[in-house]
Amino acid sequence: MSRRPDILDEFTADHRAVTELLDRIEAAPAGGTDRGELVTRLTDLLFAHCAAEEEHLFPVVQHDVPDGGALVFGSIHDHLAIGQYLADLQALGPADPALETLLRGLADTLRRHLRSEEEGIFPAARKALPAAARTALGDRLRAERAELGAPPE
């Protein structure tokens with residue numbers, strides 16, 4: 001019998017989708033409409049993902065993981081920086097010279113953030129939270145996403 005994905009599996013899958021979109025954005029020709037569409041998809045995915053982490057995972061980590069407050073604080077700080085990059089990108093046209101600089105900054109921040117969560121918060125949560133609790137959180141997240149309509153990947 002295979003186990004249901006837990007909340008950490010769900011967020012790790014989100015991270016893979018983010019990384020894939022980021023790779024596609026970086027490979028797309030500058031100034032092209034494909035790139036703009038991919039940035040829009042990335043924005044939708046990231047806003048949904050960050051909100052879900054902040055609602056479903058961070059309160060549990062802060063409460064149940066040793067030094068969880070510091071881990072959560074670092075991730076929320078990253079979420080704010082990522083949100084600012086996304087807002088700045090949405091304000092630019094595809095030919096704006098600042099676009100490439102913002103995309104590089106976003107990519108660097110995102111890759112560092114994803115690595116930090118996967119090497120810090122996720123293992124700490126896996127160790128501190130019982131498997132049944134992680135699975136229940138994953139079930140709740142999937143149910144909420146199904147009700148709201150999952151963001152496009």
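**Close-ups around helix α2**

**View 1. The largest pocket has a volume of about 210 Å³.** As in the other views, what you see here is a predicted model. Count 13 residues around the lining of this pocket; G36, V39, L89, L92 and L99 are the ones lying nearest its centre. Helices α2 and α3 each bring at least two residues to that lining. The most comes from α2, which puts in 5 residues. Sorted by class, the pocket lining has 7 polar, 5 nonpolar and 1 charged residues.

**View 2. Helix α2 (residues 33–64) alongside helix α3 (residues 68–90).** Their axes come within 11 Å of each other, with a crossing angle of roughly 165°. That makes the two helices roughly antiparallel. As for handedness, α2 and α3 cross in a left-handed way. On the α2 side, look for T43, L46, F47, C50, E53, E54, F58, V61 and Q62. They meet G68, G69, V72, S75, I76, H79, I82, G83, L86 and Q90 of α3. Class by class, this α2–α3 contact comes out as 9 nonpolar, 8 polar and 2 charged residues.

**View 3. Helix α2 against helix α5 (residues 131–148).** Here the axes cross at roughly 150° and come within 11 Å. An angle over 145 degrees counts as roughly antiparallel, so that is the label for α2 and α5. Their crossing is right-handed. From α2, the residues making the contact are H49, A52, E55, H56 and V60, while α5 offers L137, R140, L141, E144 and R145. Between α2 and α5 the contact residues split into 4 charged, 4 nonpolar and 2 polar.

**View 4. Helix α2 next to helix α4 (residues 98–128).** The α2 and α4 axes come within 12 Å and cross at roughly 30°. Angles under 35 degrees count as roughly parallel, and α2 and α4 are therefore described that way. Their crossing is left-handed. The α2 residues to find are R35, V39, L42, L46, H49, E53, L57, F58, V61 and D64. Across from them in α4 sit E100, L103, L106, L110, H113, E117, I121, F122, A125 and A128. By class, the α2–α4 contact has 13 nonpolar, 5 charged and 2 polar residues.

**View 5. Some α2 residues that turn up in several of these close-ups.** L46 is among the α2 residues that meet α3, and L46 also appears in the contact with α4. E53, F58 and V61 belong to the α3 contact and to the α4 contact too. H49 takes part in the contact with α5 as well as the contact with α4. V39, one of the residues nearest the centre of the largest pocket, is part of the α2 side that meets α4.

How values were computed
Residues numbered from 1 in each chain as written. Predicted model: local features only at pLDDT ≥ 70, side-chain atom pairs only at ≥ 80, totals over all residues. Heavy atoms only, no water. Axes fitted to C-alpha atoms, helices over the stretch in contact; angles between N-to-C directions. Helix = DSSP H or I, 4+ residues; strand = E, 2+ residues; numbered from the N terminus. Parallel < 35°, antiparallel > 145°, perpendicular 65-115°, else oblique. Left-handed = near helix turned anticlockwise from the far one by under 90°. Contact = heavy atoms within 4.5 Å. Nonpolar A, V, L, I, M, F, W, Y, C, P; charged D, E, K, R; others polar. 1 Å grid on protein atoms, 1.4 Å probe; cavity = no way out; pocket = protein on both sides within 12 Å on 5 of 7 lines; lining within 4 Å. Points joined across faces, edges and corners; volume = space filled by probe spheres on them.
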